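Let us walk through this model one packing arrangement at a time, beginning with a strand pairing and ending with the helices.

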Amino acid sequence: MKSNLENPVLFFEYILNEQNIYHEVDKQLLYSDFPSYNITLPSEIIYVEQNEWGNYVKKSMSVADLLIPILRIEFEKSKKLLLDNYINNDPNQNQNFLRYQFNTIQSLISNNTETINIYSYFLLPLRGLVKFLNEKLALPNLPNFILDETGVIYNPINETEKVLKSSDDIILSIFEYMKGENEKKEKILNKDDYQLLLTYIMHLVEKEEVPHVIKQLHPKISNDQLRFSFWVLHHELYTTKRKRIYFYDFIKDVFINFKDSEIKSIENQFGTRSRVVKDKFLPVSILKYL
């Protein structure tokens, strides 16, 4: 269930229920290539996957690792819907609108403290939405909205940055290195091409489709480093478990580097670490996965 203009926080109303949490996790895993998986709420997912050598191996991931990217995406959507609704409202009704949205968020916390205490990271986007109301939408002469978190026991597990980090921040943390130099001190992309790359990537993420390519780009890095950079973006945004196949089309269409590559080859090597050289110009956001 997705948030909409009429109800900008509908997703969070839906997800604060363990049955719906299970359904959302299961729905995401259905898009994976796992031959089998088992979900044990609230903590763990055991799954079988095929590694790059073709062997099937049993692995595990935390439920939080799968849910946090979903919460981040829905948090961004809710902020945009709140802003759009605010802009389209009669200005005289805006304060009532903000008060109603705050009361909705407060009710979500007050009525679901047991769930929030189990899945503590659910609290973060709700806090973030109230912060957005106070800092971006509320009139400056009015008091801030303050949440009552009575009964909530918050146990952070280093997920604050992941939930509240915007898509633009994630994109820059991964691809900003491309405006710099490679190991041979060659410019990876010139200024105009770098800005064009960011425009392409932002369209890819926001519209979930390959943009119209007005000019192909030729970054001066290896194909393995370039392809792996997009695996990191995919992982940071969605985790590796649901593959967006338009990422492969994007790589093929945007970069001259892959003009002789087949889509299937890009797919098969997407996320392969063994061939990626750990050059010093790569950012920590990429190196941490190598």
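In this predicted model, a convenient place to begin is V48, which stands opposite K58 in β3. That pair belongs to the antiparallel partnership of β2 with strand β3, residues 56-62, which are joined by seven bridges. On the other side of the hairpin, strand β1 (residues 36-40) pairs with strand β2 (residues 44-50), again in the antiparallel sense, over five bridges, and here I39 stands opposite I45 in β2. Three residues lie between β1 and β2, which together form a hairpin.

Taken together, these strands make an open sheet of three strands in the order β1-β2-β3, with antiparallel pairing. Its edge strands are β1 and β3, each of which pairs on one side only. When direction is ignored, neighbouring strands of the sheet are turned against each other by 20° on average.

Helices also meet this sheet. Helix α2, which spans residues 18-30, lies across β1 and β2 and runs at about 160° to β1. Helix α3 packs on the sheet as well, touching β1, β2 and β3, and its direction makes about 65° with that of β3.

From the sheet, α3 leads on to a helix pair. Two packed helices are described by the angle between their axes and the distance between the axes. For helix α3 (residues 63-88) and helix α4 (residues 94-111), the axes come within 9 Å and cross at roughly 155°; because angles over 145 degrees count as roughly antiparallel, α3 is roughly antiparallel to α4. The crossing in which α3 passes α4 is right-handed. On the α3 side the contact is made by L82, N85 and Y86, and on the α4 side by N94, F97, L98 and Q101. By class, this contact has four nonpolar and three polar residues, with no charged residues.

Further along the chain there is another helix pair to consider. Helix α8 (residues 167-175) packs with helix α10 (residues 223-238) at an angle of about 150°, their axes being 10 Å apart, which makes α8 roughly antiparallel to α10. The crossing of α8 and α10 is right-handed. To the contact α8 contributes S167, I170, I171, I174 and F175, while α10 contributes S229, F230, V232, L233, E236 and L237. The residues of this contact of α8 with α10 divide into eight nonpolar, two polar and one charged.

Note on methods:
Residues are numbered from 1 along each chain as its sequence is written. This is a predicted model: local features need pLDDT of at least 70, side-chain atom pairs count only at pLDDT 80 or more; totals for chains, interfaces and linings use all residues. Side-chain values use heavy atoms; hydrogens and water are left out. Axes are lines fitted to C-alpha atoms, for helices over the stretch in contact, and angles run from 0 to 180 degrees between N-to-C directions. Helices (H or I, at least four residues) and strands (E, at least two) are DSSP runs, numbered from the N terminus. Angles under 35 degrees count as roughly parallel, over 145 as roughly antiparallel, 65 to 115 as roughly perpendicular and the rest as oblique. A crossing is left-handed if the near helix is turned anticlockwise from the far one by less than a right angle, and right-handed if clockwise. Contact means heavy atoms within 4.5 Å. Ala, Val, Leu, Ile, Met, Phe, Trp, Tyr, Cys and Pro count as nonpolar, Asp, Glu, Lys and Arg as charged, and the others, Gly among them, as polar. Two strands pair if DSSP finds at least two bridges between them.
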